[in-house]
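Trainee: Before I use any labels from this model, I would like to go through them with you and set each value against its definition.

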Amino acid sequence: GEGGVSLWNVESPGAPLLEIRDEGRWELVFSPSGTRVLAGNATRGYRVYGTSDGGMLGPALGPSNRNDATVVAFSADEQTVITSNGGTLRFWRMPVAPVLSDLEQTDGSYSIWSPSGDSVMAVTPDARHIAIGDRDGGVHVLPTTSGRDALREAADQVSFLGHNDELRLLRMNRDGSLVASAAADNTIRVWNVRVGDPRPFSTNIPGADIARLDFSADSSLLAVLNGNAAQIVNAASGEIVAAFELGENHDAIAFAGDESVYVGGDSGALRVIQLDGSGGWSLQTVWQGDAPLRWLEASSGGDYLVVVDADHRASQFHLAEGRPGEQVIVLPGPVSEVRFSPAGSRVMFRTSRWVHRARSSPAGLLWLDSAY
């Protein structure tokens, strides 16, 4: 439908083999033999997965520049994949995973992680460590230079320190010393990246599935967004120090500094949860946009807030003045990640298969270039 795609084994229905949550008109079709499935959408592109474990069977097939309803199909011999979009047929040779020395080959498929290579993950800002969340609730922190043997050893480790359900989200803090994890059972843990162990607490977040996590600038607090609710958690103890019902679904959250949490709602409202002089937290609306807000990201200095809406328009909000800049950019598709450069002068936006770069200025955002 419009919210994502999942693949399940009916004989082991405890957890999906594959689950992708994202906007767009999703399509899914099985190959004639049933050993492969083609899933994706026109904006994000398409990918072939194995039905035995949900693992990827090759690179993504390119997206289209249209968002019309799409037809996808396998040829009878399963050597060709066909996609149709906007009146144009595209024929693809069946993708095959590359033969690389660091990849393990098993029954024609390739994997670097069990059960497949599409686990939730996060990378430290210096790109030296990667945190990988598995379906058993464990979080494994490894150097990014780890080879096949180290990955296999970590994947085979039995951990009693993680969650009791599949990992859904990981979020690094700004200096890469901590990573927060959220599982399918709505529990949260905070992990020390250097030693790879969690802090001695597990916090249960009531309500809808957790959608976003973000650390405060000093990493003492963790903001949690789930549906129409937001919580602020003490990152050292796991205590929920503030909780708010927001009145509508929200998909975007970002800490600006240590005392202000911004949230973006489906009505286009930008709200702030702020620490007041008495030590309490209060909620107020600071701006009203024209479309649902989908992503928020604050600069490291806390001066600016990048706001991305459902129409893929990105603007830069000047927090001290309480207004967006005049210069905005329009991205070609849904934005799945936004990051400021360390100096704060550049903003990177990730869409389906592109990274777009813009210059940050008091006047707003100025598009610079894109990389495919």
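Mentor: What follows takes up ring pairs, exposure, backbone angles and strand pairing in turn. The model is predicted, so local features need pLDDT of at least 70 and side-chain atom pairs count only at pLDDT 80 or more, while totals for chains, interfaces and linings use all residues. Residues are numbered from 1 along each chain as its sequence is written, and side-chain values use heavy atoms, with hydrogens and water left out.

Trainee: How many aromatic pairs does a search of the whole structure find?

Mentor: The search finds 2 aromatic pairs, where rings of Phe, Tyr and Trp (its six-membered ring) pair if their centres lie within 6.5 Å.

Trainee: What makes the pair of tryptophan 354 and tyrosine 372 stacked or edge-to-face?

Mentor: Planes under 30 degrees apart count as stacked, over 60 as edge-to-face and the rest as tilted. The ring centres of tryptophan 354 and tyrosine 372 are 4.9 Å apart and their planes stand at 65°, so the pair is edge-to-face.

Trainee: Which parts of the chain does this pair link?

Mentor: The pair links distant parts, 18 residues apart: tryptophan 354 lies in the loop between strand 33 (346-350) and strand 34 (355-361), and tyrosine 372 in the segment after strand 35 (364-371). Strands here (E, at least two residues) are DSSP runs, numbered from the N terminus.

Trainee: Why is tryptophan 354 called partly exposed, and why is tyrosine 372 called exposed?

Mentor: Buried means under 20% relative accessible area, exposed over 50%, and partly exposed in between, with a 1.4 Å probe and protein chains only. Tryptophan 354 has 34% and is therefore partly exposed, whereas tyrosine 372 has 60% and is therefore exposed. Alanine 127, at 43%, is likewise partly exposed.

Trainee: What is the phi of alanine 127, and where is this residue found?

Mentor: Phi of alanine 127 is near 65°, a positive value in a residue other than glycine, and its place is the loop between strand 11 (120-123) and strand 12 (129-133). Histidine 312, not a glycine either, has a positive phi of about 70°, and it is found in the loop between strand 28 (304-309) and strand 29 (313-318).

Trainee: How do you know that strand 15 and strand 16 pair?

Mentor: Two strands pair if DSSP finds at least two bridges between them. Strand 15 (residues 178-183) and strand 16 have 5 bridges, in the antiparallel sense, and alanine 182 stands opposite isoleucine 188 in strand 16. These two strands form a hairpin with 3 residues between them, and asparagine 186 in the turn has a positive phi of about 65°.

Trainee: Which strand pairs with strand 16 through asparagine 192 opposite aspartate 197?

Mentor: That is strand 17 (residues 197-198), which pairs with strand 16 over 2 bridges in the antiparallel sense. Their hairpin has 4 residues between the strands, with glycine 196 in the turn at a positive phi of about 80°. Strand 16 also pairs over 2 bridges with strand 18 (residues 203-204), again antiparallel.

Trainee: What makes strand 16 mostly covered?

Mentor: Of the 6 residues of strand 16 (residues 187-192), 5 are buried.

Trainee: Which strands are at the edges of the open sheet 19-20-21-22?

Mentor: This sheet has 4 strands with antiparallel pairing, and the edge strands are strand 19 (212-215) and strand 22 (240-245), each of which pairs on one side only. Within the sheet, 5 bridges join strand 21 (residues 229-234) to strand 22, and alanine 229 stands opposite glutamate 245 in strand 22.
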